[in-house]
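Here's a quick tour of one chain, going from single residues out to cores, sheets and charged pairs. Keep the viewer open while you read.

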Amino acid sequence: MAPDVSYTSTSTKVVVDNGYVQVTISRPGGHVTGIKYGGMDNVLEETNSESNRGYWDLNWNEVDGSDTYDAPSATQYKVVASDGDKVELSFTRPYDSSKSPAMVPLTIDKRFVVVRGHSGFYTYGIYSRASGWPDFDLGQTRVCFKLRESDFHYIALADNKIKLMPLPSDLSDSRSEQLAYKEARLLTDPQNSALKGQVDDKYQYALNNRDNRLHGWVANETDPVVGFWMITPSSEFRNGGPTKQNLTSHTGPTCLGMFHSAHFAGVELCPQFRNGESWKKVFGPVCVYLNKKAAGTAVRTLWDDAKSELKKELNAWPYSWPSSSDYPKSASRGQVTGRLLVHDNYATSKTRSARDALVGLAKPGDKGSWQKESKGYQYWVQADTEGKFTIKHVRAGTYNLHAFVPSVIGDYKKAEDITVSAGDDIALGTLTYEPPRFGPTSWEIGTPSRTAAEFYIPDPNPKYPNSLYVDIEKWRNYGLWARYAELYPSEDLVYTVGTSDYTKDWYFAHNTRRHSDGTYTATRWQIKFNLPSFDESKGAYKLRMAIAQAQVAAVQVRVNDPSAKPVYETPAFGKDNAIARHGIQGLYVLYSVDIPAADLKKGDNSIYLTQRKASGPYNGVMYDYLRLEAPPS
């Protein structure tokens, strides 16, 4: 049997040891100051202050106030459990309304848990507020670890995303050049010359919640080789659903467990607490896993071992060991099953299985509201080839069932609320999604996927490469917003239905054009198409315009006359900022635009799309999919 888990405590620190790893936590603050493992006295950066090594933090603001950063230092310490199989420690900072300046109106209980036989530890947090406490907005919260700079040099995010990273000092002005914003640096004199001429930007390493299960760092030159990994076995406590993107690991070396953020979505995703509402949410647990191999072992080997540990953690969820009653165990949860079909009168197959649909439960709201939901819990699974789904381990509560389907526009939401109680196995039977449809398809551009990944993505400017994204996810490269004006220096994009190929001729981002004097102007794209059998008496057509992301944008739609009054103009919308932050999606929006029959004609026609906001390089939209529908037949 593995050794007992034990702890020792002084007035300033607690040391927990299970024979595999030793974790030191400040008392009563609750900051991880040391992790002893693999021959390293501390895998964390000891030159940092004790509160800047392993810590929980958040950003918040009073209503209409400025952003405030807070790394909550607890004032109360408690040993919750210590029985040989585990040690669970609580570090709590109660809300104190008398504090000046004001503190975030939350009581924050940070938990750290070490269990028998496990090469690592767990952490989770319980955030709560009582009725009547002051209103505020929560911008971000996470757990962060700053690793030993001298040793941890390789990042790993996926099988095809393993990369040598710059040192923190390489991002200094003496060794790099700041590009368009502070996070983006061109390495001009890195200490490892192999990185010279590359761009480093923490947003290049973001992942969406669905894929953000495992990431970390490897100290590849130590003996033994050591890996440090963040494992998130469930996304139930993350905001924004499966398509929400978040930071992972980045130069520091920094390893993050992100719970709430506005990245790639904007302030709409920040929960607002008003009218003194009460609230409680458990973030985590997440697992910090450490592994080691003989000196000289390839980084990929440690990554593969971490993937094996991820499978174990996934199978163990929901965990049986958390002591808090706010974290329900398996018996106190339920599950929901069903099958989703798609019915579209004008599709090739009128009714078919919603193959590979993403199906989820989220707090009640409108269709698609899960994208902006942060206060509750969400549960998402991928349906099988027949559209069947099983959503397991659902906390008791009331939810809406949502779904979206590859190759199908729009959002599905089951009309009735679903109330899950402990032990429930709720069978919903067969459900049918009828996506937005007016009439038969005249033409379409792209494939409904909620991303712009299928469109033309250029090679980066050779001045700004990142070796990780030569052959994969080219949108992650720096500066692609400037490539549009280089490819279309004087005339805007023209797409001819039936001749053009959207993978080559439809630029992935409809953004602005920069001129030599530093000013920006709006861009107007033209879609040429032919209506061989147009009959004005049958009435208007319908343009479906699905947007994958927007950044302070507004799209005007004109028909046949580029100088005419728009037949439709979107409101100014979007703060996703995916163009600047190397994303390929943000918040999904579907516009349905009436195209008056009087503006069309038999034969050749054009639709003009003008993105009129042009205050800088990042204004713009990424289209997901466009479709023109004829009147019903």
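Leaving aside its neighbours within four places in sequence, which residues is lysine 542 in contact with? They are Phe438, Ser592, Val593, Asp594, Arg627, Leu628 and Glu629, where contact means heavy atoms within 4.5 Å.

## Ground rules

This is a predicted model, so local features need pLDDT of at least 70 and side-chain atom pairs count only at pLDDT 80 or more, while totals for chains, interfaces and linings use all residues. Residues are numbered from 1 along each chain as its sequence is written, and side-chain values use heavy atoms, with hydrogens and water left out.

## Lysine 542 and its partner

Lysine 542 sits in strand β40 (residues 541–553); helices (H or I, at least four residues) and strands (E, at least two) are DSSP runs, numbered from the N terminus. Its relative accessibility is 15%, so lysine 542 counts as buried (buried is under 20% relative accessible area, exposed over 50%, partly exposed in between, with a 1.4 Å probe and protein chains only).

Lysine 542 makes a salt bridge with aspartate 594, and the closest N and O atoms are 2.7 Å apart (a salt bridge is a side-chain nitrogen of Lys or Arg within 4 Å of a carboxyl oxygen of Asp or Glu). Aspartate 594 belongs to strand β44 (residues 589–595) and lysine 542 to β40, so the pair ties together parts that are 52 residues apart in sequence. Unlike a buried residue, aspartate 594 is partly exposed, at 44% relative accessible area.

## More charged pairs

The structure holds 34 salt bridges. One of them joins the side chains of aspartate 159 and arginine 300 (3.6 Å, N to O). That pair links distant parts of the chain: aspartate 159 is in the loop between β12 and β13, and arginine 300 is in helix α1 (residues 299–316), 141 residues apart. Aspartate 159 is partly exposed at 40% relative accessibility, and arginine 300 is partly exposed at 35%.

Arginine 185 and aspartate 173 also meet through their side chains in a salt bridge (2.8 Å, N to O). Here arginine 185 lies in strand β15 (residues 185–187) and aspartate 173 in the loop between β13 and β14 (176–178), so the pair ties together parts 12 residues apart in sequence. Arginine 185 is buried at 7% relative accessible area, whereas aspartate 173 is exposed at 67%. Elsewhere, Lys86, Glu88, Asp109 and Arg111 are linked in a network of salt bridges.

## Two nonpolar cores

A nonpolar core is a set of buried Ala, Val, Leu, Ile, Met, Phe, Trp, Tyr and Cys residues joined through side-chain atoms within 4.5 Å. The largest has 101 residues, and Phe145, Phe228, Leu340 and Leu401 touch the most other members. Strand β24 (residues 279–293) gives the most to this core, with eight residues. A second, separate core of 64 residues includes Leu179, Ala452, Phe534 and Ala630.

Back to Leu401: beyond four places in sequence, its contacts include Val359, Leu361, Phe389, Ile391, Tyr412, Ile418, Leu428 and Leu431.

## Sheets and a helix

β35-β39-β45-β41-β42 is the order of an open five-strand sheet with mixed pairing (two strands pair if DSSP finds at least two bridges between them). β35 (494–496) and β42 (568–569) stand at the edges with a single partner strand each, so one side of each is left without a neighbour in the sheet. Two bridges join β41 (residues 555–559) to β42, and these strands run antiparallel; valine 557 stands opposite tyrosine 568 in β42.

For a hairpin, try β12 and β13, which connect through two residues. Four bridges join these antiparallel strands, with tyrosine 154 partnering leucine 164 in β13. As for helix α2 (residues 480–487), its Leu480, Trp481, Arg483, Tyr484 and Ala485 are buried, and the buried residues of α2 pack against β36 (510–511), β37 (513–514) and β39 (523–531).

## Cysteines

How many disulfides does a search of the whole structure find? Zero, a disulfide being a pair of cysteine sulfur atoms within 2.5 Å. Cysteine 270 has its closest cysteine sulfur 19 Å away, in cysteine 144, too far for a bond. For cysteine 287 the closest is in cysteine 255, 11 Å away and also too far. Cysteine 287 is buried, at 0% relative accessible area.
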